[in-house]
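Subject: Handover of a structure and its findings

Dear colleague,

Please find below the structure that I am handing over to you. I should be grateful if you would read the notes beneath it with the coordinates open.

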Amino acid sequence: MSDLTKNVKPLDDFNWDEFENGTSAGVSKEELDKAYDETLNKVADHQVVEGTVISVDKKEVVVNIGYKSDGIIPASEFRYNPDLKIGDKVEVYVESAEDKKGQLILSHKKARMSKSWDKVNEALEADAIIQGYIKCRTKGGMIVDVFGIEAFLPGSQIDVHPIRDYDQFVGKTMEFKVVKINQEFRNVVVSHKALIEQEIEAQKKEIIGKLEKGQILEGTVKNITSYGVFVDLGGVDGLIHITDLSWGRVDDPHKVVELDQKINVVILDFDDEKRRIALGLKQLTPHPWDALDADLKVGDHVKGKVVVIADYGAFVEIQPGVEGLIHVSEMSWSQHLRSAQEFLKVGDDVEAVILTLDRDERKMSLGIKQLREDPWEAIDSVYLWSSRRVLTA
């Protein structure tokens with residue numbers, strides 16, 4: 001029998017008057033309260049303690065820290081850990097051992113915050129992989145909950161491929177690396193892209209080591225720019241310059257290929273050190289000059305469209321990839337043109353005469369003034385007719 005209960009009287013002999021006056025069986029109410037309190041953990045406000053999860057639902061997590069009441073914490077504070085379950089040990093911050101209602105007030109978020117900066121710095125120094133919860137979009141990227149800290153995930157650091165739909169990542173728990181910390185402003189930058197770059201780098205070395213000029217590979221269109229198209233060759237990117245997309249002139253690469261389209265390309269050149277790979281698409285088809293009508297000769301008439309205008313002349317495409325130059329001097333017999341723009345414009349359909357044709361050099365010069373008679377060839381007859389008319393008069 002304990003010291004606390006050895007003097008307790010049988011229930012029939014219990015003196016309720018003594019109990020109401022604050023004493024019972026020789027033990028005061030204060031002594032009972034003290035004995036009860038001694039069975040509980042000593043908890044002080046504003047300290048971090050370890051607790052045990054005793055209940056989990058969508059809205060709340062109940063945590064027991066060995067105090068006379070349990071603490072209720074919003075489930076949102078644990079969303080970084082979707083696998084939380086009953087029996088797990090968690091750290092909590094005691095905001096108040098007893099509020100006005102006698103309720104224990106705990107915060108898991110503040111407990112994490114008290115140690116989060118140490119963890120973040122350790123992760124940066126160790127180049128460690130950490131987990132984070134993507135909370136929302138922001139200008140230029142995403143906000144990620146890492147150890148309770150709101151870290152910034154730049155859009156360029158989400159994946160090695162360009163991201164067109166940022167919203168698909170909101171609400172996801174992903175792995176990251178800490179890449180930058182500003183201690184003064186308490187800013188943290190994380191990257192998911194860094195996790196896969198090492199693996200991709202190994203893949204690149206392997207792929208580039210097997211490349212040969214003239215090799216034909218299948219790839220996927222990854223990005224389209226004004227100057228060319230980037231193609232994913234299965235872990236390494238190559239560039240098709242705009243001039244290598246088609247034998248004909250291309251003003252917009254989007255007119256030739258589409259994003260995510262699978263295409264065959266040929267290796268034109270590559271640089272092992274800089275990891276640059278030059279690709280070609282037009283080289284997979286015969287050169288248009290090789291398919292030019294074998295009977296075509298100087299003096300023949302051809303039709304085409306003006307594709308480029310310069311001061312010295314206009315380039316006319318008579319079939320895709322085959323162009324001829326109309327020099328400004330070959331545009332008119334009578335007009336003294338200072339530039340080709342005074343006579344033609346891009347998009348004009350024209351008929352011209354072949355003046356020179358070099359199949360080996362793939363060059364052709366054209367003229368349009370030759371479609372009309374040279375006025376100087378008829379000058380004598382015109383002058384003679386005019387003279388006779390004057391004499392007759």
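The notes that follow describe what was found, arranged by topic.

Please bear in mind that this is a predicted model.

Barrel and first strand pair

Five strands, in the order β13-β14-β15-β17-β16, make up a closed barrel with mixed pairing. From one strand to the next, the twist averages 55°. Within this barrel, β13 (residues 216–224) and β14 (residues 228–232) run antiparallel and are joined by 4 bridges. N223 has F230 in β14 as its bridge partner.

Aromatic pairs

A pair of rings is characterised by the distance between the centres and the angle between the planes. How many aromatic pairs does the model hold? The count comes to 2. One of them brings F230 back into view: the ring centres of Y227 and F230 lie 6.3 Å apart with the planes at 85°, and because an angle over 60 degrees counts as edge-to-face, the pair is described in that way. The rings of Y312 and F315 also form an edge-to-face pair, with their centres 6.4 Å apart and their planes at 90°.

As to accessibility, Y227 is partly exposed at a relative accessible area of 42%, and F230 is partly exposed at 24%. Y312 likewise counts as partly exposed, with 43% relative accessibility.

Charges over rings

Which ring lies under the charged end of R249? That ring belongs to F315, and the charged end of R249 sits over it at 5.5 Å from the ring centre. F315 thus appears both in this contact and in the pair with Y312. Elsewhere, the charged end of R112 sits over the ring of Y80, at 3.5 Å from the centre of that ring.

Strands β18, β19 and β20

Strand β18 (residues 301–310) runs antiparallel to strand β19 (residues 313–319), and 5 bridges join them. The bridge partner of I309 is A314 in β19. The connection from β18 to β19 is a hairpin through 2 residues.

Strand β19 is also joined to strand β20 (residues 322–327), by 6 bridges in an antiparallel arrangement. Here Q319 has V322 in β20 as its bridge partner. These two strands again form a hairpin, with 2 residues between them, and G321 in the turn has a positive phi of about 90°.

Positive phi outside glycine

For most residues other than glycine, phi is negative. Two arginines with a positive value may therefore merit your attention in the light of that general rule. R186 has a positive phi of about 55° although it is not a glycine. R186 is placed in the loop between β11 (173–182) and β12 (187–191), and at 47% relative accessibility it counts as partly exposed. For R362, phi is near 55°, which is again positive in a residue other than glycine. R362 is found in the loop between β21 (349–358) and β22 (363–367), and its relative accessible area of 36% makes it partly exposed.

The largest pocket

What is the volume of the largest pocket? It is about 310 Å³. The pocket is lined by 14 residues, of which I200, K204, K222, G235 and D237 are the closest to its centre. Helix α4 (residues 193–209) provides the largest share of the lining, namely 5 residues.

With kind regards

Conventions: Residues numbered from 1 in each chain as written. Predicted model: local features only at pLDDT ≥ 70, side-chain atom pairs only at ≥ 80, totals over all residues. Heavy atoms only, no water. Pairing = 2+ DSSP bridges. Axes fitted to C-alpha atoms, helices over the stretch in contact; angles between N-to-C directions. Phe/Tyr/Trp six-rings, centres within 6.5 Å; stacked < 30°, edge-to-face > 60°. Buried < 20%, exposed > 50% of the residue type's maximum accessible area, 1.4 Å probe, protein only. Lys NZ or Arg CZ within 6 Å of the ring centre and 35° of its normal. 1 Å grid on protein atoms, 1.4 Å probe; cavity = no way out; pocket = protein on both sides within 12 Å on 5 of 7 lines; lining within 4 Å. Points joined across faces, edges and corners; volume = space filled by probe spheres on them.
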